[in-house]
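Subject: Structure for your review

Dear colleague,

Please find below the structure that I promised to hand over. My notes on what was found in it follow directly after.

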Amino acid sequence: MPEAAQERQLNELLSRSMVDIYVGPDNTHWILHEKLLCHHSPFFRKTFYSKTNSTKSFGLPDDEDAPFKTFVGWLYSSSLPTPHEEADLGILFDLYLMAEKLQISALVQDVLQVVREWYKYSDTYPGLRRVQYIYANTEDGSPMRHMLVHSVARLLVLEDGIPKHWDKALRKNGQLAVDIIGAIQAWRLSDDVVPDARDDPAEGEDLVDGEVEEAQGEMETDVEADEDQTVVESPREMKRHDSMQVEKKKGEGLVNEVGKMSLQEVPNGITNGDYGTLH
């Protein structure tokens with residue numbers, strides 16, 4: 001990000017020289033003070049102070065009227081509208097992207113502060129849609145991206161689980177997941193506040209162990225009950241039992257034969273690494 005321009009009084013920047021800015025697909029016409037505009041924006045300084053360019057007009061066809069109007073208000077008043085609900089953040093995010101594009105450091109910081117304060121005082125966190133929008137339109141190192149990622153990292157750490165929409169997004173966007181992990185590492189948490197799975201079993205592990213022990217106890221009880229019972233087989237059941245014993249012996253013989261086979265006799269699908277059916 002470029003360095004913030006040295007603070008100047010508004011009256012010092014309202015020169016007689018004006019420039020024409022055309023915004024959006026409808027070419028909305030704005031007439032602004034050249035000195036004021038160029039003081040805040042290196043982008044416009046290069047445009048209007050270039051020795052090879054004598055024009056006093058410039059077009060921004062890809063930008064929207066609403067955020068540019070908000071920018072003009074900030075340009076002459078150094079203030080931004082206060083959001084009253086989450087929907088009001090939309091124009092501020094658009095304004096932020098415009099500020100990065102036009103390299104207006106002071107506006108970047110002001111928008112960032114307003115957005116940060118809204119999430120803080122409303123006791124909410126950035127939604128997935130907002131985060132994805134900023135990720136799609138900023139580069140690594142963007143202050144807004146940094147703030148959103150660190151906020152989401154805190155949200156996920158404090159949640160009991162990962163919300164489904166975040167789970168899906170993190171699986172699809174590996175960079176977002178990596179950045180969240182990096183944000184958590186940057187906190188430099190002390191050892192005593194981070195659980196260590198190498199010590200005592202975690203709560204989830206205790207639950208699993210308890211379930212296993214309970215299941216094993218039930219199995220042992222069932223076995224003991226079976227041993228205490230006297231089973232009387234009918235002639236048909238005895239014949240079926242004898243048939244099963246014969247089949248079992250045949251199966252054991254087949255297993256012994258397979259055990260004698262060399263690796264060269266194993267099907268190619270397994271030796272070529274197709275182990276999916278074995279698991």
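Does Arg 130 count as buried or exposed? At 10% relative accessibility, Arg 130 counts as buried. Please bear in mind throughout that this is a predicted model. I return to Arg 130 below, after the overall picture.

**Overall picture**

The protein chain contains 13 helices and 3 strands. Of its 279 residues, 27% are buried. Among contacts with a separation of 6 or more, 62% are between residues 24 or more positions apart. The chain exposes about 19,900 Å², and carbon and sulfur atoms supply 51% of that area.

**Salt bridges**

The structure holds 4 salt bridges, and three pairs are described here, beginning with the one that involves Arg 130.

Arg 130 is located in helix H7. Its salt-bridge partner is Glu 86, with the closest N and O atoms 2.8 Å apart. Glu 86 belongs to the loop between H4 and H5, whereas Arg 130 belongs to helix H7, so this pair ties together parts that are 44 residues apart in sequence. The two partners differ in exposure: Glu 86 is partly exposed, at a relative accessible area of 29%, while Arg 130 is buried, at 10%. The side chains of Arg 130 and Glu 86 are also joined by a polar contact of 2.8 Å. Once neighbours within four places in sequence are left aside, the residues in contact with Arg 130 are Glu 86, Ala 87, Leu 89, Gly 90, Phe 93, Tyr 119 and Leu 148.

A further salt bridge is formed by the side chains of Glu 34 and Lys 56, at 2.7 Å from N to O. Glu 34 is in helix H2 (residues 34-40) and Lys 56 is in the loop between helix H3 (42-48) and strand E3 (57-60), so the pair ties together parts 22 residues apart in sequence. Glu 34 is buried, with a relative accessible area of 5%, but Lys 56 is partly exposed, with 36%.

The side chains of Asp 63 and Lys 101 also meet in a salt bridge, at 2.9 Å from N to O. Since Asp 63 lies in the loop between E3 and helix H4 (65-77) and Lys 101 in helix H5 (residues 89-101), this pair ties together parts that are 38 residues apart in sequence. Here Asp 63 is buried, with a relative accessible area of 11%, and Lys 101 counts as partly exposed at 38%.

**Helix H4**

Helix H4 has 13 residues and reaches 18 Å from its first C-alpha to its last, close to the 18 Å expected at 1.5 Å a residue. Which residues of H4 are buried? They are Pro 67, Phe 68, Thr 70, Phe 71, Val 72, Trp 74 and Leu 75. These buried residues pack against strand E1 (18-23), strand E2 (28-33), H2, E3, H5 and helix H6 (105-121). Just after H4, Ser 78 adopts a positive phi of about 60°.

**Helix H9**

In helix H9 (residues 164-172), the buried residues are Trp 166, Ala 169 and Leu 170. They cover an arc of only 95° around the axis, which puts them on the same side of H9. An α-helix has 3.6 residues a turn, so residues three or four places apart point the same way. The other side of H9 carries the exposed residues Lys 164, Lys 168, Arg 171 and Lys 172. On the buried side, the packing partners are helix H7 (128-137), helix H8 (143-158) and helix H10 (174-186). Helix H7, which holds Arg 130, is thus one of the elements against which the buried residues of H9 pack.

**Gly 182**

A final point concerns helix H10, in which Gly 182 lies. Gly 182 counts as partly exposed, at 32% relative accessibility. The C-alpha atoms of Gly 182 and Ala 153 are separated by 9.2 Å, and the two residues are 29 residues apart along the chain.

With kind regards

Methods:
Residues numbered from 1 in each chain as written. Predicted model: local features only at pLDDT ≥ 70, side-chain atom pairs only at ≥ 80, totals over all residues. Heavy atoms only, no water. Buried < 20%, exposed > 50% of the residue type's maximum accessible area, 1.4 Å probe, protein only. Helix = DSSP H or I, 4+ residues; strand = E, 2+ residues; numbered from the N terminus. Arc of directions from axis to C-beta. Contact = heavy atoms within 4.5 Å. Areas by Shrake-Rupley, 256 points an atom, 1.4 Å probe, with all protein chains shown as cover. Expected span 1.5 Å × (residues − 1). Polar contact = N/O pair within 3.5 Å; in protein donor to acceptor, adjacent residues only side chain to side chain.
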